[in-house]
Amino acid sequence: DADNVLHIGGIFPIAGEGGWQGGQACMPAVNLALDDVNHEKNLLPGFILKLHSNDSECEPGLGASVMYNLLYYKPHKLMLLAGCSTVCTTVAEAAKMWNLVVLCYGASSPALSDRNRFPTLFRTHPSATVHNPTRIKLLQKFGWSRVAILQQAEEVFISTVEDLEARCKEAGIEIVTRQSFLSEPTDAVRNLRRQDARIIVGLFYVVAARRVLCELYHQKLYGKSYVWFFIGWYEDNWFEVNLDKEGITCTKEQMRLAAEGHLTTEALMWNQNNDTTISGMTSEDFRQRLNKMLKEDGYDIDNNRYPEGYQEAPLAYDAVWSVALAFNKTMEKLSKQGKSLKNFTYTDKEIADEIYSAINSTQFLGVSGFVAFSSQGDRIALTQIEQVIDGKYVKLGYYDTQSDNLTWRNMERWIGGKVPQDRTIIRTVL
Ligand SMILES: CC1(C)CO[C@@H](CC(=O)O)CN1
C-alpha cells in the first residue's frame, strides 16, 4: 500500500548528443536492481523501493529542471541517482539544500571529489584520477623517470593531469613537458618531438585520440623508441573506425602501425572473478540478464549493437544496492528512535544525516566489484592495464591502489624486443 513505499529520484542521460548518453544501459540496469532488492527478503522488510525518473540528456540545465520537478511534486524522495559529470555537479551542489544524498553511477570528473562543494555526494563510478596511481606504478616498474603529458583541454583531463603531476613529483618522476590542445594536436605533438619525449601519457576523448594517433604517424613519434599511455575505455577497435567520417588522413594500416604497443589504463567496472555477489549473481549472470533485457528493449546485442553506458551498467546496478543497504541500516536505527524513513521531509537534517552515515559505511561485493566509498564519497576501484599487441588489446594485469598490489601476467611485448628508454642515452667511449 502507498505508505510503505520508499521513493527515490533518478536522473538519466538518455537522449541528446552532447556528452555521455549512458542512461540508455544504466536505466535498465537500475530497473533490474530495483526488481532484485524488492524481492530480497529481510532487506527492506514491509517496504518497496520506487524510482521516479526523467531524462537529463547529459545537459546540466535539463538535469536541474528534472531535479526541480522531482522535488516539487509529491511524494517526497529520499535521495537522488544521477549520471554524467556535468549533471552530477549541478544536482549534487544543489541537493544539500534539500538534505538529499546524491549517488552518481556515471560521473568521472575529479572536481566532484570535494566535500565542501558536494557534502552529500557519493559515486559508484570512480574518479578519472583512479588511473594515476596505476600510471605511476607502471612508470616505476619499467624504470621510466622522465615522462611527457599530452592532453585535450577539457576540465576532466585538466584536473586529472594536476593530480598526476602531484603524484609524479612525489615519486621523483620528471615531467619534461605538458602539452595541451583543443582539437588540433599538430603543434602539441611537434613540441613533444622537440623535447625528445619518449614516454608519453595521453589524456583525450576518443575522437581526439584518433587525430593524435595519425599525427604521431606523420611525425614518426611511435614505434620501438616510444611508449604511449592511452585511456582504456575507448571501444576496442577505436583506432580503425570513423577515419573517413572524422577526416583522418591516415589509412587503417598507418593507424595500426602508430597504435601498436601502446598501453592503456582503465577502472574495472565489471567484477573480474566468478564470485557470487550480494545479489546472488556473478557479474556474468548479470551480463546475461542485462543482455536479455536490452534485447527486449530492441538492441541488437548479438551483433554488438550495445546501448551507450553498457560498460558502466554494473555501477548503476550496484548504486541501487548501495541505497537499499543504506536504507536498511537507517530504518533499523530510526525505529529505535521511534522514527521512520516515511517521516522524511526535505528539512529533516537528522534523518538526512542518518542516511549519509549509512551510505558512507556501506561496503559489499557487487557486480562492479567490491563497493566502498572514500571520505570524499569516491568509489574505491581496481584498475586494469592492457597493451595493443598485433593490433589487439591484451590484458597485462590489474592494480589495487589500496594495497599497492600489482598483479602482472608478464605478457607485455616491446617492438624493439627490449623496454624502451625514457631518454636518449649518449654513450661516450672513454
Ligand atoms: C568511463 C566514462 C566514459 C567516463 O565518463 C563518464 C561520464 C562522465 O563523467 O560524464 C562515463 N564513464
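This is a dialogue between a learner and an analyst about how to read several features of a predicted model.

User: Where should I start with salt bridges, and how many does the count come to here?

Analyst: Since this is a predicted model, the values below are computed from its atoms. The count comes to 20 salt bridges, and a few of them show how such a pair can be read. One is formed by Asp-187 and Arg-190, whose closest N and O atoms are 3.0 Å apart.

User: Where do Asp-187 and Arg-190 lie?

Analyst: The general idea comes from helix geometry: an α-helix has 3.6 residues a turn, so residues three or four places apart point the same way. In this structure, Asp-187 and Arg-190 both belong to helix H6, which covers residues 186-194, and they are 3 residues apart, about one turn of the helix. Arg-190 is partly exposed, because its relative accessible area is 35%. A second case is found in helix H9 (residues 283-296), where Glu-284 and Arg-287 are likewise 3 residues apart, about one turn of the helix, and form a salt bridge with their closest N and O atoms 3.1 Å apart. Both partners are partly exposed, Glu-284 with a relative accessible area of 36% and Arg-287 with one of 23%. Salt bridges can also share partners, and in this way Glu-240, Glu-253 and Arg-256 are joined into one network.

User: Which parts of the chain does the pair of Arg-210 and Glu-246 link?

Analyst: Arg-210 and Glu-246 form a salt bridge in which the closest N and O atoms are 2.7 Å apart. This pair links distant parts of the chain, with Arg-210 in helix H7 (residues 206-218) and Glu-246, 36 residues apart from it, in the loop between strand S9 (227-231) and helix H8 (252-259). Both Arg-210 and Glu-246 are buried.

User: How should I read empty space in the model, and how many cavities of 30 Å³ or more does a search find?

Analyst: It helps to take the volume, then the residues around it, and then their chemical character. A search of the whole structure finds 1 cavity of 30 Å³ or more, and the largest cavity has a volume of about 110 Å³. It is lined by 15 residues, of which Gly-223, Tyr-226, Glu-260, Gly-261 and Ile-415 are the closest to its centre. The lining divides into 8 nonpolar, 4 polar and 3 charged residues.

User: What volume does the second largest pocket have, and which residues are closest to its centre?

Analyst: The second largest pocket holds about 620 Å³ of space. Among its 27 lining residues, those closest to the centre are Val-130, Arg-379, Ile-380, Ala-381 and Gln-402, and the lining as a whole divides into 11 nonpolar, 12 polar and 4 charged residues.

User: Is helix H4 largely enclosed or open?

Analyst: A residue is called buried when its relative accessible area is under 20%, and one can ask how many residues of a helix meet that cut-off. For helix H4 (residues 131-141), 8 of the 11 residues are buried, so this helix is largely enclosed by the rest of the structure. Its buried residues include His-131, Arg-135 and Leu-139. After H4 comes Gly-143, which has a positive phi near 70°.

User: Which residues that are not glycine have a positive phi of about 55°?

Analyst: Two cases can be read side by side, Asn-99 and Asp-390, each with a positive phi of about 55° although it is not a glycine. Asn-99 lies in the loop between helix H3 (85-95) and strand S4 (101-106), and it counts as buried because its relative accessibility is 16%. Asp-390 lies in the loop between strand S13 (383-389) and strand S14 (392-400), where it counts as exposed because its relative accessibility is 56%.

User: What is found in the loop between helix H2 (60-72) and strand S3 (79-83)?

Analyst: This loop contains, among others, Tyr-73 and Pro-75. The peptide bond from Lys-74 to Pro-75 is cis, with omega near -5°. Tyr-73 is partly exposed, because its relative accessible area is 48%, and together with Tyr-68 and Tyr-72 it forms a nonpolar patch on the surface with about 390 Å² of accessible area.

Note on methods
Residues numbered from 1 in each chain as written. Predicted model: local features only at pLDDT ≥ 70, side-chain atom pairs only at ≥ 80, totals over all residues. Heavy atoms only, no water. 1 Å grid on protein atoms, 1.4 Å probe; cavity = no way out; pocket = protein on both sides within 12 Å on 5 of 7 lines; lining within 4 Å. Points joined across faces, edges and corners; volume = space filled by probe spheres on them. Nonpolar A, V, L, I, M, F, W, Y, C, P; charged D, E, K, R; others polar. Salt bridge = Lys/Arg side-chain N within 4 Å of Asp/Glu carboxyl O. Helix = DSSP H or I, 4+ residues; strand = E, 2+ residues; numbered from the N terminus. Buried < 20%, exposed > 50% of the residue type's maximum accessible area, 1.4 Å probe, protein only. Patch = residues over 30% accessible without salt bridge, like charges linked within 9 Å, V, L, I, M, F, W, Y side chains within 5 Å. Areas by Shrake-Rupley, 256 points an atom, 1.4 Å probe, with all protein chains shown as cover.
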